[in-house]
Amino acid sequence: MDDRTKSWGLEALVAALLVLVGSVASAQTPPPFAAARLWELPGTNTDATGLAVLMDVGSPGGRARDGILDVVAALQSQQLAVLFGRGDGSFETGPESAISGIPEAMAAADFNGDGAQELVIGDSSNFLTVLSASGGTLSPLGSPIDLQFFPRGIALGDFDRDGRMDILAVGETLRQEGVGRVLFGNGDGTFVRAAETLDTGTGTAGVATGDFNRDGNLDLVVINELTNQLVQFRGDGRGGFTVEQQIGCGGEGPVAVAVGDANRDGRPDVMVVNNASDNFAVALTQANGRWSDPRAFATGAPASSPKGLALGDVDGDGVVDAVVANNFSFDVGVLRGDGAGGFAPVRLFVADAEPLGVVVGRLDGDTRADVVALTRGSGSRPTAAVLRALGGNRLSGAENIPLGFAPSALAQGDIDGDGLLDLVVTQAGAIPGEGTIQVAGGTARGSFDLSAAPIPSGGDGLAIVVGDFDGDFRAELAVVHANRSVAQLYRRSGRSLVRVSETPITGGVPKAVVGGDLNRDGRMDLAVASQDNSGGKVQVFLGRTDGSLLLRSTVTVGDFPLALAFGDFNRDGFADIVAANNASVNLSVALGNGDGTFRPATSVGLPQAPRAVTVADFDRDGQDDVAVGVALGGTVHVLFGDGTGRFLNSINPLSVGSGEVVSGLAARDINGDGLPDILASGEVGNFVRVFLRNSGNPRAFTSAGSFGTNRRPVALVAGDYDGDGRYDAAAAASSPAPTTTVLTNVSPQGYSRGDANGDRRVGAADVVALVRKVGEYLPLRSEDASARGSAIVAIGADADGDGGVTTLDVPAVVAWAFR
């Protein structure tokens with residue numbers, strides 16, 4: 001009996017699984033991925049301030065107010081930009097209005113009793129100006145008021161209880177002394193400046209109001225950035241204030257403060273964003289009006305540098321939620337309030353480059369608060385990034401999964417056997433060369449469970465492969481470390497991972513890794529590309545039933561092979577390997593013999609040095625093709641195979657972006673038409689670009705746009721992470737606030753996960769169909785499952801959503817049948 005038969009027999013496997021089943025009671029193409037909608041603002045990136053309000057300033061064409069919220073954004077160019085709301089979450093560019101100084105603080109309220117809001121702006125020349133809106137144009141209402149200090153924050157309220165709206169501005173003098181001043185409203189849009197000022201402390205950065213002791217008088221909370229303090233000022237109802245309490249702010253570097261009832265007890269609580277600590281803190285107001293010690297919550301990845309804060313009911317449950325703008329990770333964070341003073345772990349959604357501020361309001365007519373982030377922008381202009389609330393704590397954009405350290409590799413697989421794809425990231429650790437492995441568990445809600453703690457890996461984590469290496473129908477992880485030249489194999493144990501073997505790699509310093517069944521025994525094998533003084537080589541390690549790896553063969557390839565992929569390039573049913581050789585500026589193609597050995601590699605010249613490679617039958621002629629991303633030049637080259645292991649035809653390069661570095665490639669059917677598309681991550685522009693296969697021309701692609709990620713994406717995968725039958729994408733981004741950006745597919749077409757026989761149901765018959773298919777030992781991608789081999793299955797045979805058809809899809813079908 002050969003090892004393959006020992007591994008598993010089809011009849012016995014089908015019987016066992018059936019027992020298990022019985023026991024488990026162009027018109028324009030729409031964007032394929034969810035993303036923030038961006039509206040450009042005037043000027044350049046440096047004109048962005050992060051200051052904006054939502055208010056009704058009128059309608060396009062100078063018409064009267066329409067009851068729909070508009071965006072008014074302040075710019076360093078001493079301009080106000082208006083975006084007219086359409087009532088559906090979209091906007092139309094409105095007029096620009098000049099202001100007299102560089103804006104530093106702004107707010108809006110009805111100062112003259114006409115039922116419409118006016119705008120108040122404090123500027124760098126120490127003046128405060130009130131502006132009224134008419135048909136979208138904002139004009140000064142009276143003369144500017146000299147504050148005699150540099151404004152950092154504005155609070156509004158009736159501080160003297162005369163029924164008229166007043167203004168309180170806080171900031172700093174030239175001697176960096178914190179100061180505040182009340183401007184008493186006359187009820188007509190003009191104000192009288194209070195003679196006395198308020199000593200607010202050192203490094204005053206913001207202010208908010210609330211009646212903390214419920215005596216009917218408005219009180220103040222001031223944040224002091226240099227002393228990391230919250231200061232409560234008790235109002236006397238006549239416009240005077242005295243210090244009541246000073247406490248720590250729950251972190252370092254407070255930059256924004258807001259007031260809301262976090263625990264639904266009728267008393268206003270204080271919430272603050274601490275920039276240097278990357279956190280959000282809540283100080284609950286007690287019955288005596290004093291605050292409890294702040295409780296802190298992470299706002300994102302380490303070094304995400306939160307800049308702004310807004311409160312609103314994002315999920316429509318009647319409880320206050322918090323939204324923060326994270327500057328370095330390009331995202332906004334939603335912290336869902338629990339109504340008891342606590343907040344759920346933050347969920348992060350990509351806005352645009354360098355958010356500086358955030359506002360929330362109902363933009364589309366439902367009961368949920370939508371989000372507008374004010375950013376420097378990834379293009380040449382600042383932007384307003386609009387993210388609509390979709391329910392729960394989800395926004396209409398790509399999601400960032402926070403990481404503890406910079407990622408080095410990214411992989412996907414159903415680690416916990418629930419039928420849902422998980423993400424696995426290797427990260428640099430606190431000690432150089434001593435990294436960790438983090439599993440982000442996929443959920444049916446489309447979010448990721450990060451409750452499992454990272455485990456130390458003892459190496460730099462060059463690459464990860466997820467697969468069934470020992471033939472037990474459960475996923476293992478192979479992690480390759482370049483700094484130690486070893487391959488480690490891990491199994492899941494409870495909520496953690498346990499290392500089961502470590503294998504030396506003797507071919508040099510590892511550069512790239514790919515996994516596949518290279519000897520047709522149903523188990524995952526490993527191919528490792530390395531470089532030493534003699535050149536590049538690929539070593540093949542076979543997976544064994546005891547969880548170890550056995551070196552089977554070595555193939556010489558070109559110099560510095562930075563990427564590997566496998567396919568069937570000569571149509572013999574055996575897995576072949578292609579290596580992208582950066583220094584040799586070519587591809588090496590090694591045809592497999594079906595037993596883990598390979599013929600000598602042949603070379604395919606390239607016009608530029610490659611960095612990434614992926615394989616698919618792009619033109620659907622039954623012969624595998626190759627897409628190559630170049631390190632410099634920002635292009636993807638598609639080479640079409642002729643079925644003999646050669647590539648004789650190509651098309652004009654696909655442009656990812658001028659001067660772009662293609663850091664990763666993936667081939668997957670993104671729009672549900674059964675044709676493999678190409679995804680490329682751009683390390684310079686911080687995005688993933690999608691090229692859709694043209695259904696009318698088998699060798700043509702159409703760009704479906706680029707979709708923003710966090711800074712510097714270094715790895716890219718594509719799979720179905722939310723179980724909806726549509727392939728999503730994930731990019732691990734490394735600098736300076738590490739995250740994995742998940743792009744959620746919103747295309748109208750998908751497939752039924754686990755429906756291997758195409759009958760639109762998932763059950764025992766699908767298990768039988770899938771077992772027959774994987775028993776053919778063919779290297780299969782989901783879009784080729786019905787076209788290769790004798791056993792016919794539908795695309796739903798990719799039950800775990802990783803884009804391939806392997807033994808791991810069998811337990812995934814079972815999971816889907818009884819979900």
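The second largest pocket encloses about 1500 Å³ of space in this predicted model. Of its 46 lining residues, Leu51, Met106, Ala256, Val257 and Leu309 are the closest to the centre. Pockets and cavities are found on a 1 Å grid over the protein atoms alone: a pocket is an open set of points with protein on both sides within 12 Å along at least five of seven lines, a cavity is a set where a 1.4 Å probe fits but cannot get out, and lining residues have an atom within 4 Å of a point. Grid points are joined across faces, edges and corners, and the volume is the space filled by probe spheres set on them.

Strands that each supply at least two residues of the pocket lining include E2 (48-55), E6 (103-109) and E11 (150-157). Domain 1 (47-142) and domain 2 (143-383) each contribute at least three residues to the pocket lining; such bounds come from an automatic or database domain assignment.

Local features require pLDDT of at least 70 and side-chain atom pairs pLDDT 80 or more, whereas totals for chains, interfaces and linings use all residues. Residues are numbered from 1 along each chain as its sequence is written, and side-chain values use heavy atoms, without hydrogens and water.

The enclosed spaces and the pocket are set out below.

| Space | Volume | Nonpolar, polar and charged lining residues |
|---|---|---|
| Second largest pocket | about 1500 Å³ | 31, 10 and five |
| Largest cavity | about 50 Å³ | seven, four and no charged |
| Second largest cavity | about 40 Å³ | six, two and no charged |

The largest cavity lies between domain 1 (47-142) and domain 2 (143-383), because both give residues to its lining. E2 gives the most to this lining, with four residues. The second largest cavity is lined by residues including Ile401, Leu410, Gln438 and Thr740, and strands E35 (422-431) and E36 (434-442) each supply at least two of its lining residues.

The largest nonpolar core (buried nonpolar side chains joined through side-chain atoms within 4.5 Å) has 19 residues, and Val767, Leu770, Ala797, Val805 and Val810 have the most contacts inside it. Helices H3 (764-774) and H4 (809-817) each give two or more residues to this core. Eight of the 11 residues of H3 are buried, that is, under 20% relative accessible area with a 1.4 Å probe, protein chains only. Among these buried residues are Val767 and Leu770. Leaving aside residues up to four places away in sequence, Val805 touches Leu770, Lys773 and Val774, among others, where contact means heavy atoms within 4.5 Å.

How values were computed. Buried means under 20% relative accessible area, exposed over 50%, partly exposed in between (1.4 Å probe, protein chains only). Ala, Val, Leu, Ile, Met, Phe, Trp, Tyr, Cys and Pro count as nonpolar, Asp, Glu, Lys and Arg as charged, and the others, Gly among them, as polar.
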